[in-house]
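This report concerns the internal cavities and nonpolar cores of a single protein model. Please consult the sequence and coordinates alongside the text.

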Amino acid sequence: MHANKTTPLLGDISPERFLRAHWQRKPRLIRNAFPQFRDLLTREELMQLACREECRSRLAIKQGRTWQVHHGPFQRKQLRQLPARGWALLVQDVNLVLRAAHDLLMQFNFVPYARLDDLMISLAPDGGGVGPHFDSYDVFLLQGLGKRRWELSTQTDLSLIESAPLKVLKRFKPQRKYVLDPGDMLYLPPGVAHNGVALGACMTYSIGFRSPTLQELVSAFLAHLDDDLQIAGRYEDPNLDATATPAQIPSRMTEAALSQINKLDFSRDNVTRFLGRYLTEPQPHVVFNPPSASLSRRSFASALRRAGVELDLRTRMLWSDGYVFINGERIVMDPTQAPRLRPLADRRMLGPGHAVSVSETDQLYAWYRAGYLLLGP
């Protein structure tokens, strides 16, 4: 559901006011954003997730002035032997494996899905954290178990300790301090230096937003062009003249290359097709599981009318103009059909009785068999 004026998620302001006044501009502390917030899982359950391949996990351990970082999946024995202080366990992509985490992430859908990334949960004992740092993306920090003290700074000196395996600031000068209780939340725009320290056993939920660099976008687009490239022929110069300057690049070779480069498709439509595929491409570690006992096409159609469908937690689905994109695929559909599948992308479900055509049912059935979506209860 969208946050609104009756929801304390953003405090006493609407999503529109928050986006105008704070988004990518300045921090915002929201007390009691989630009243009576209850953790989505226990400490033990989070450690179990850190032992699974479906979730990316890291363990940061501070010993004196030095840091060690270990990457999961971990063995349960490793986590049982952690010291009483000085570490932080971070588990990403929890929304891909836990329904409650997915539902929490969806509370922030006043921001486009193209920007919404994942839910990370960090666990730390008293004094634990990952040191003073800054992020290159927007983040909401929701407090769960225990308390955490946050120190913030808008300092411009963002130089890092070169030898540290984490991006730890070399010179951190806190300007503000907050202690967050369960249900409190702190929004930080990119580039704000911050340091979180657990005050007792502590779990923090980080709602992160995707923010690719422009270099990444352009490089990925060029790779997209290369994937679709099919240029026949070879450079030829049957009328070549003898030269006294053999090191000079022939102008006709430059012109020949330029004429082919000018044929590349840099249109808005092609950029849209690229972005749809790029933004819905699953993480490399994500694997979809087709139904163990797949229904027939007829049985699926009947169940669709009766129960509806919902996207698998791991599925990414977006739309733009006349296109629908799902898990890195571009679906070419009749212009009248695509709008009827947009609610599935926006709400991540189609309720019982939703009107779909025969061809749309065929498409939903193909996604069902691929494990991209599930039948409703």
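The cavities are described before the nonpolar cores.

The model is predicted. A search of the whole structure yields 2 cavities of 30 Å³ or more. The table sets out their volumes and the classes of their lining residues.

| Cavity | Volume | Nonpolar lining residues | Polar lining residues | Charged lining residues |
|---|---|---|---|---|
| Largest | about 350 Å³ | 12 residues | 4 residues | 7 residues |
| Second largest | about 30 Å³ | 6 residues | no residues | 1 residue |

The volume of the largest cavity is about 350 Å³. Its lining comprises 23 residues, of which Leu-116, Asp-117, Thr-315, Arg-316 and Arg-348 are the closest to the centre. At least two lining residues come from each of helix H4 (99-106), strand S5 (116-124) and strand S13 (317-320).

Around the second largest cavity lie Arg-58, Leu-59, Ala-60, Val-69, Leu-90, Val-130 and Leu-166. Strand S2 (residues 57-63) contributes the most to this lining, with 3 residues.

The largest nonpolar core contains 43 residues, and the members that touch the most others are Phe-34, Leu-89, Phe-108, Phe-140, Met-185, Tyr-205 and Ile-207. Elements that each supply at least two residues of this core include helix H2 (43-50), S2, H4, S5 and strand S11 (202-209). Leaving aside residues up to four places away in sequence, Ile-207 touches Leu-105, Phe-108, Leu-116, Asp-118, Leu-119, Asp-138, Val-139, Phe-140 and Leu-142. Another core, of 23 residues, lies apart from the largest one and has Leu-96, Phe-288, Tyr-365 and Leu-373 among its members.

Conventions
Residues numbered from 1 in each chain as written. Predicted model: local features only at pLDDT ≥ 70, side-chain atom pairs only at ≥ 80, totals over all residues. Heavy atoms only, no water. 1 Å grid on protein atoms, 1.4 Å probe; cavity = no way out; pocket = protein on both sides within 12 Å on 5 of 7 lines; lining within 4 Å. Points joined across faces, edges and corners; volume = space filled by probe spheres on them. Helix = DSSP H or I, 4+ residues; strand = E, 2+ residues; numbered from the N terminus. Nonpolar A, V, L, I, M, F, W, Y, C, P; charged D, E, K, R; others polar. Core = buried A, V, L, I, M, F, W, Y, C linked by side-chain atoms within 4.5 Å. Buried < 20%, exposed > 50% of the residue type's maximum accessible area, 1.4 Å probe, protein only. Contact = heavy atoms within 4.5 Å.
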